[in-house]
Amino acid sequence: MKKIFTIFILFFLFSACKKETVITPTSADQISSEILNVIKSNYVKRVICWSDNTGFPGTPIQINYGKSWNIENGFISISGNYDVYNLLYLDRYDINNITVVDGSTPITLFLHFK
């Protein structure tokens with residue numbers, strides 16, 4: 001009887017414990033986190049993405065372009081632009097001021113994609 005009771009107690013203890021699931025971040029999650037940290041720590045006001053093979057126009061950008069962006073599920077999209085970029089293809093980034101048509105030069109994060 002003692003053996004059955006001991007087995008029952010052990011079974012109860014092991015069944016009551018839940019295995020903790022550890023979720024490790026993916027590469028895209030890590031890149032997203034790094035970009036958000038760069039934006040916050042450098043007081044970035046605009047984000048501009050483009051493919052390096054297209055080049056960047058030398059003319060001033062529109063007033064609202066790059067002012068709002070969304071990073072979700074490893075992708076970034078810029079409002080006013082229909083392109084969505086996969087962060088796994090991010091080649092490099094840099095921070096600089098850009099000239100806007102209103103004459104302002106806000107701090108901008110430039111994301112270069114392969």
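This report covers the two sheets of a predicted model, followed by selected side chains.

## The 2-3-4 sheet

One open sheet has three strands in the order 2-3-4. The pairing is antiparallel. Strand 2 (69-72) and strand 4 (84-86) stand at the edges. Each has a single partner strand, so one side of each is left without a neighbour in the sheet. The twist averages 20 degrees from one strand to the next.

Strand 3 covers residues 75-78. Four bridges join strand 2 to strand 3. Three bridges join strand 3 to strand 4. Both pairs run antiparallel. Ser77 links to either side: Asn70 has Ser77 as its bridge partner in strand 3, and Ser77 has Val84 as its bridge partner in strand 4.

## Hairpins in this sheet

Strand 2 and strand 3 form a hairpin. Two residues lie between these strands. Asn73 sits in the turn and has a positive phi of about 55 degrees.

Strand 3 and strand 4 form a hairpin too, with five residues between them. Here Gly80 is in the turn, and its phi is positive at about 90 degrees.

## Faces of strand 3

In a regular strand the side chains alternate between the two faces of the sheet. Strand 3 can be read in those terms. Ile76 and Ile78 make up its covered face. Phe75 and Ser77 make up the uncovered one.

Is Val84 buried or exposed? Val84 is found in strand 4. Its relative accessible area is 53%, over the 50% cut-off, so Val84 counts as exposed. Val84 and Asn70 are 14 residues apart in sequence. In space, their C-alpha atoms are 9.6 Å apart. Each of the two has Ser77 as a bridge partner.

## The 1-6-5 sheet

Another open sheet is built from three strands in the order 1-6-5. Its pairing is mixed. Strand 1 (46-51) and strand 5 (90-97) are the edge strands, and each pairs on one side only. Neighbouring strands are turned by 20 degrees against each other on average, with direction ignored.

Strand 6 spans residues 107-113. Strand 5 and strand 6 pair in the antiparallel sense. Seven bridges connect them. In one of these links, Ile95 has Leu109 of strand 6 as its bridge partner.

## Polar links at Asp94

How many salt bridges does the model contain? The count comes to one. Its partners are the side chains of Arg92 and Asp94, at 3.6 Å from N to O. Arg92 is partly exposed, with a relative accessible area of 43%. Asp94 is also partly exposed, at 26%.

Asp94 has another side-chain partner, His112. A polar contact of 2.5 Å joins the two. His112 has its place in strand 6. Why does His112 count as buried? Its relative accessible area is 4%, which falls under the 20% cut-off, so His112 is classed as buried. Asp94 therefore joins a buried histidine and a partly exposed arginine.

## A nonpolar surface patch

Tyr43, Ile95 and Ile107 form a nonpolar patch on the surface. Together they have about 290 Å² of accessible area. Ile107 belongs to strand 6. It is partly exposed, with a relative accessible area of 30%. Ile95 has a role in the sheet as well, through its bridge to Leu109.

## A helix residue and the 2-3-4 sheet

Helix 2 runs over residues 27-41 and includes Leu36. Leu36 is partly exposed, with a relative accessible area of 44%. Which distance separates the C-alpha atoms of Leu36 and Ile71? They are separated by 8.5 Å, while the two residues lie 35 residues apart along the chain. Ile71 falls within strand 2 (69-72).

Methods
Residues are numbered from 1 along each chain as its sequence is written. This is a predicted model: local features need pLDDT of at least 70, side-chain atom pairs count only at pLDDT 80 or more; totals for chains, interfaces and linings use all residues. Side-chain values use heavy atoms; hydrogens and water are left out. Patches are made of residues with over 30% relative accessible area and no salt bridge: like charges are joined within 9 Å, nonpolar side chains (Val, Leu, Ile, Met, Phe, Trp, Tyr) within 5 Å. Accessible areas come from the Shrake-Rupley method with a 1.4 Å probe; for residues, only the protein chains shown count as cover. A salt bridge is a side-chain nitrogen of Lys or Arg within 4 Å of a carboxyl oxygen of Asp or Glu. Buried means under 20% relative accessible area, exposed over 50%, partly exposed in between (1.4 Å probe, protein chains only). A polar contact is a pair of N or O atoms within 3.5 Å; within protein, one must be able to donate a hydrogen and the other to accept it, and residues adjacent in sequence count only if both atoms are side-chain atoms. Two strands pair if DSSP finds at least two bridges between them. Axes are lines fitted to C-alpha atoms, for helices over the stretch in contact, and angles run from 0 to 180 degrees between N-to-C directions.
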